[in-house]
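Trainee: Could we go through this model together and check how each label was earned?
Mentor: Gladly, let's bring it up and take the labels one by one.

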Amino acid sequence: MDKGIVIPVSPALKKKGPVAKGLLRSFFLKDKLNSPLGYILLFIFSAFIAVGIARFGVIFGALVLVAFIAIPAVYTVVIHPNVGIVLFLLMAWFIMFFLRLGVNFPLGTLMDAMEGLFILGLFIQQKRARDWKIFKGSISTMILIWMAYNFIEIANPSAESRLAWVYTVRSVAVVMVMYFIFLYNIRTKAFIKFILKLWLALAFFAALYAFKQQYIGFFGFEEEYLHSDPNIELLLFIGGTWRKFSIFSDPVVFSYSMVASSLLCIGLLTGPVSRFKKIILLSLICFFVGGMLFSGTRGAFVLIPSAMLLFAILKYNKKMMMMLCAAAVLLVVLIYIPTSNQTLYRFQTAFKPSDDASFNVRKMNQKRIQPYILSHPLGGGLGATGEWGKRFAPNSYLANFPPDSGYVRVAVEMGWVGLFILCALMFIILKTGINNYYRIRDPELKSYCLSMVLIVFALHIGNYPQEALVQYPSNVYFYLVTALIVVLMRIDNEQTPLPYAER
């Protein structure tokens, strides 16, 4: 009598009990399906794909391929958030470059999905080991207030379009959840060092790409972009020279990224680094500043000198004041030296705003909009100005108003109430950063904190002449910097706990 076919299986699969997860891991990862049962499963799966492609075409095969990538990616982001954070930082840096390349995929939606997965992973981690205390603090409170206010704006009675709110809130408020993700998952000095090294490597690539654009020229797809809209040429072709944007959406984002990267290097120079590393950091500063000049963004040119004033105050001593005076003399020479070089000339005009026609136009626009701001405490609604305003409410009063400033945009769209909350948030971040800088005792962590404070200060100033906090990668890296201000203090306390009386 036929007893049937007996299929031998992995010994791990014969075990019973609450070790099912281990059994599956052994079967798929250790044994790698190297058994008759594994062969049968692979055959069935292959047949399924073949039938699917035969019936539904190549789209089915593409979906299967996406699933092979998406499922491990989802698992990684949720279960291994540190790896997900690195991927997210990389995506934020390159997203606009991919879009300009013509990648036909909703990358912005993908970034939103990653943020959702981070939140899911956070709750899973909290279920295993509850630890909400790290979310306490003045910065966390202000960020929650700012996020809540952004969501309340959907009910703004003065808003002309709710769809404009939907498109705008993602880059203004939703991205702020990354502050809490960074705050919770960045727990070691080693991981911070890795993130900062990655940052500098990405900044070096971006600056190198700008040098390529300056001295070799644009790629074909970039030329196509530059000539796709007359307004782009009007904004980027100044004095017979194209402003360089590297791999980013526009010259402003590129220049502000170079400013932040330069200030990161300046802060690191104050730490316990070798002479060789100091030479590398100084070289990177020169390289980043050179790339920044190619952007032609006058608002960025004043940020490093402004940040150096704060640097001198925080590191006040005789040697620092002498260096500051020498730098000031050099800056004055650069501002007033006669030149025919368009890049240097544009740098000089950044320090003579009254002679700049575009600056005077901005002042007139801001003066014109003041009565509206004062009479609308909640503003005209998120997305009321700029691209989304023109798209969803083209006939509204604010649709064609050019804010040309992050703070002016907030005042117009969210009213003086929103502007007050945002300024309070910036004040709290800087206050916490400065306090933590003086309290941290580890010299290396202290240098990191100084870098973060300088970056926040520069972006705070830079948000007035331009919109510094709403475009990738600036919006993501700003909240990384903000979270690090808190994380660095936490790590320092864990290394050398403060006496109770000093807490």
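**Labels and their cut-offs**

Mentor: Phenylalanine 294 counts as buried, because its relative accessibility is 10% and buried means under 20% relative accessible area, exposed over 50% and partly exposed in between, with a 1.4 Å probe and protein chains only. Before we go on, this is a predicted model, in which local features need pLDDT of at least 70 and side-chain atom pairs count only at pLDDT 80 or more, while totals for chains, interfaces and linings use all residues. Residues are numbered from 1 along each chain as its sequence is written, and side-chain values use heavy atoms, with hydrogens and water left out.

Trainee: Why is tyrosine 215 called exposed?
Mentor: Tyrosine 215 has 59% relative accessibility, and the label exposed begins over 50%.

Trainee: What makes tyrosine 215 and phenylalanine 294 an edge-to-face pair?
Mentor: Their centres are 5.8 Å apart and their planes 85° apart. Rings of Phe, Tyr and Trp (its six-membered ring) pair if their centres lie within 6.5 Å; planes under 30 degrees apart count as stacked, over 60 as edge-to-face and the rest as tilted. Tyrosine 215 belongs to helix α9 and phenylalanine 294 to helix α13 (residues 275–295), so the pair ties together parts that are 79 residues apart in sequence. Helices here are DSSP runs of H or I with at least four residues, numbered from the N terminus.

Trainee: Why is the pair of tyrosine 167 and phenylalanine 392 called tilted?
Mentor: The angle between their planes is 35°, at 5.2 Å centre to centre, and an angle that is neither under 30 nor over 60 degrees counts as tilted. Tyrosine 167 sits in helix α7 (residues 162–172) and phenylalanine 392 in helix α19 (residues 386–392), so this pair joins parts 225 residues apart in sequence. Tyrosine 167 is partly exposed, at a relative accessible area of 30%.

Trainee: How do you know that lysine 212 sits over the ring of phenylalanine 219?
Mentor: Its charged end is 3.4 Å from the ring centre; the label asks for NZ of Lys or CZ of Arg within 6 Å of the ring centre and within 35 degrees of the ring normal. The charged end of lysine 212 also sits over the ring of tyrosine 209, 5.8 Å from its centre. Tyr209 and Phe219 are among the members of one aromatic cluster that includes Phe94 and Phe205.

Trainee: What makes lysine 189 and glutamate 444 a salt bridge?
Mentor: Their closest N and O atoms are 3.5 Å apart, and a salt bridge is a side-chain nitrogen of Lys or Arg within 4 Å of a carboxyl oxygen of Asp or Glu. Lysine 189 is in helix α9 (residues 189–215) and glutamate 444 in helix α21 (residues 443–462), 255 residues apart. Glutamate 444 counts as buried, at 18% relative accessibility.

Trainee: Which glutamates does arginine 409 bridge to?
Mentor: Arginine 409 meets glutamate 413 at 2.9 Å, N to O, and glutamate 467 at 2.4 Å. Glutamate 413 and arginine 409 are about one helical turn apart, because they are 4 residues apart in helix α20 (residues 406–439).

Trainee: Why is arginine 409 called buried, and glutamate 467 partly exposed?
Mentor: Arginine 409 is at 18% relative accessibility, so it counts as buried, whereas glutamate 467 is at 23% and counts as partly exposed.

Note on methods:
Helices (H or I, at least four residues) and strands (E, at least two) are DSSP runs, numbered from the N terminus.
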